[in-house]
Amino acid sequence: MSEFNLIAKYFTRHTQQADLGVGDDAALISVAQGQQLAISTDMLVAGTHFFHDAAAYHIGWKSLAVNVSDMAAMGAQPKWATLAIALPEVNEPWLAEFSKGFFACADAFDVDLIGGDTTKGPLTLSIQIMGEIPTGKAILRSGAKAGDDIWLSGMLGSAALGLAHLQNKTVLTEPALSRCLAALNTPRPRVALGLALRGVANSCIDISDGLTADLSHVLKASNLGAKLALESIHCDDYLRTHLNDANIQQCILAGGDDYELLFTAAKSQRDYLRQLSRQLQLPLSLIGETTPQLDLIITHRQKILNITKKGFDHFG
């Protein structure tokens, strides 16, 4: 199969939100008046971000989902994406499942694939995503204020625990195994939450590399510190029952691959955020507060924890 036939068969379809999509030298999009264009890029490499034998459907879903999550963290509406993919060979059953997973995620979040590239090489996926946000309304990492509440969506630690199982570092049994593998393979970006946080959250970031590492980015950008309570973090029942285990603590605080939103907001927003949690049917946990002191202090039952690994680092 030629490169162009591959693109036509697996990655070309009618676009809903682009003036011109796949099939020309460049795509054409129109940004609505009063909107800014939000752009982010993520690369996923076989053996680094996913196992070589991982299900192609899951790779397809997750490759786009992690990018959609970046839009959610900014309060942007995701709309367009490009895909550059290096393939060691043309494996049509694999491509069929990959494109099925990719477009399932695209349909779930109304994203058009508008272009990209293919080449031969080690399996690598590079996706650029674009979205819209009202001018001046983006939620930045640098906006946190001293005394802000620190909130977290969903549950942490499940994906990291599922990965540990696959790496033979721990052994999970059902039903916890299925829940943890689902969190790892098919994360759900929190787009609806991100949109609802415009004008409410002072800062926001998605949890990709680990809670401690990603919160540290917000604190550094905002020149603040923070105090967190581990027991306030919402997590799977299996993790909750083993919360005294250092490995479980590590999964929750530094495991990463959660793609939940961590955000700060004034204490006056508590009632709104609790109502929003009910409206979205999404747990929102109040896990701590920002401080003028630059230290990040994490406690468990009032005892300070020593977290040696903050999160994933490609070159760490």
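A disulfide is counted here where two cysteine sulfur atoms lie within 2.5 Å of each other. In this predicted model, the count by that rule comes to zero disulfides. C105 takes part in no disulfide, since the nearest cysteine sulfur, which belongs to C204, is 18 Å away, and C105 is itself buried, with a relative accessible area of 0%. For C180 the closest cysteine sulfur is that of C251, at 8.4 Å, and because a disulfide needs the two sulfur atoms within 2.5 Å, this distance is too far for a bond. C180 is likewise buried, with a relative accessible area of 0%.

**Aromatic rings**

The structure holds five aromatic pairs. One of them joins F11 and F98, whose rings are 6.1 Å apart from centre to centre, with 70° between the planes, an arrangement described as edge-to-face. F11 lies in the loop between α1 and β1, whereas F98 belongs to helix α3 (residues 92-108), so this pair ties together parts of the chain that are 87 residues apart in sequence. Both F11 and F98 are buried. A further pair is formed by F102 and F103, which have their ring centres 5.5 Å apart and their planes at 85°, so that this pair too is edge-to-face. F102 and F103 are both buried. Through ring pairs, F11, W94, F98, F102 and F103 are linked into a cluster.

**Salt bridges**

Nine salt bridges are present in the structure, and the table below gives three of them.

| Salt bridge | Closest N to O distance | Separation along the chain |
|---|---|---|
| E92 and K9 | 2.8 Å | 83 residues |
| R13 and D107 | 2.7 Å | 94 residues |
| K79 and E132 | 3.2 Å | 53 residues |

The salt bridge between E92 and K9 links distant parts of the chain, with E92 in helix α3 and K9 in helix α1. E92 is partly exposed, with a relative accessible area of 30%. The salt bridge of R13 with D107 also links distant parts of the chain, for R13 is placed in the loop between α1 and β1 and D107 in helix α3. R13 counts as partly exposed at 37% relative accessibility, and D107 is partly exposed as well, with a relative accessible area of 47%. Helix α3 therefore appears in both of these links, through E92 and D107.

What is the setting of the salt bridge between K79 and E132, and are these residues buried or exposed? K79 is in strand β2 (residues 77-87) and E132 is in strand β4 (residues 124-134), so that the pair links distant parts of the chain, and both K79 and E132 are buried. Elsewhere, a network of salt bridges links D149, K267, R270 and E289.

**Strand β8 and its partners**

D149, a member of that network, leads to strand β8, where its bridge partner is A265. Strand β8 covers residues 261-265 and is mostly covered, five of its five residues being buried. From this strand L261, F263 and A265 point one way, while L262 and T264 point the other way, and all of them are buried. Strand β5 (residues 149-153) pairs with β8 in the antiparallel sense over four bridges. Strand β6 (residues 201-206) also pairs with β8 in the antiparallel sense, here over five bridges, and C204 has F263 as its bridge partner in β8. The sulfur of this same C204 is the nearest cysteine sulfur to C105, at 18 Å.

**Places at the surface**

V31, L37 and I39 make a nonpolar surface patch of about 230 Å². Of these residues, V31 is in the loop between α1 (3-10) and β1 (35-45), and V31 is partly exposed, with a relative accessible area of 35%. Q167 is found in another loop, the one between α4 (158-166) and α5 (176-185), and Q167 counts as partly exposed at 35% relative accessibility. The C-alpha atoms of Q167 and P187 are separated by 19 Å, the two residues being 20 residues apart along the chain.

How values were computed. Residues are numbered from 1 along each chain as its sequence is written. This is a predicted model: local features need pLDDT of at least 70, side-chain atom pairs count only at pLDDT 80 or more; totals for chains, interfaces and linings use all residues. Side-chain values use heavy atoms; hydrogens and water are left out. Patches are made of residues with over 30% relative accessible area and no salt bridge: like charges are joined within 9 Å, nonpolar side chains (Val, Leu, Ile, Met, Phe, Trp, Tyr) within 5 Å. Accessible areas come from the Shrake-Rupley method with a 1.4 Å probe; for residues, only the protein chains shown count as cover. A salt bridge is a side-chain nitrogen of Lys or Arg within 4 Å of a carboxyl oxygen of Asp or Glu. Helices (H or I, at least four residues) and strands (E, at least two) are DSSP runs, numbered from the N terminus. Buried means under 20% relative accessible area, exposed over 50%, partly exposed in between (1.4 Å probe, protein chains only). Rings of Phe, Tyr and Trp (its six-membered ring) pair if their centres lie within 6.5 Å; planes under 30 degrees apart count as stacked, over 60 as edge-to-face and the rest as tilted. Two strands pair if DSSP finds at least two bridges between them.
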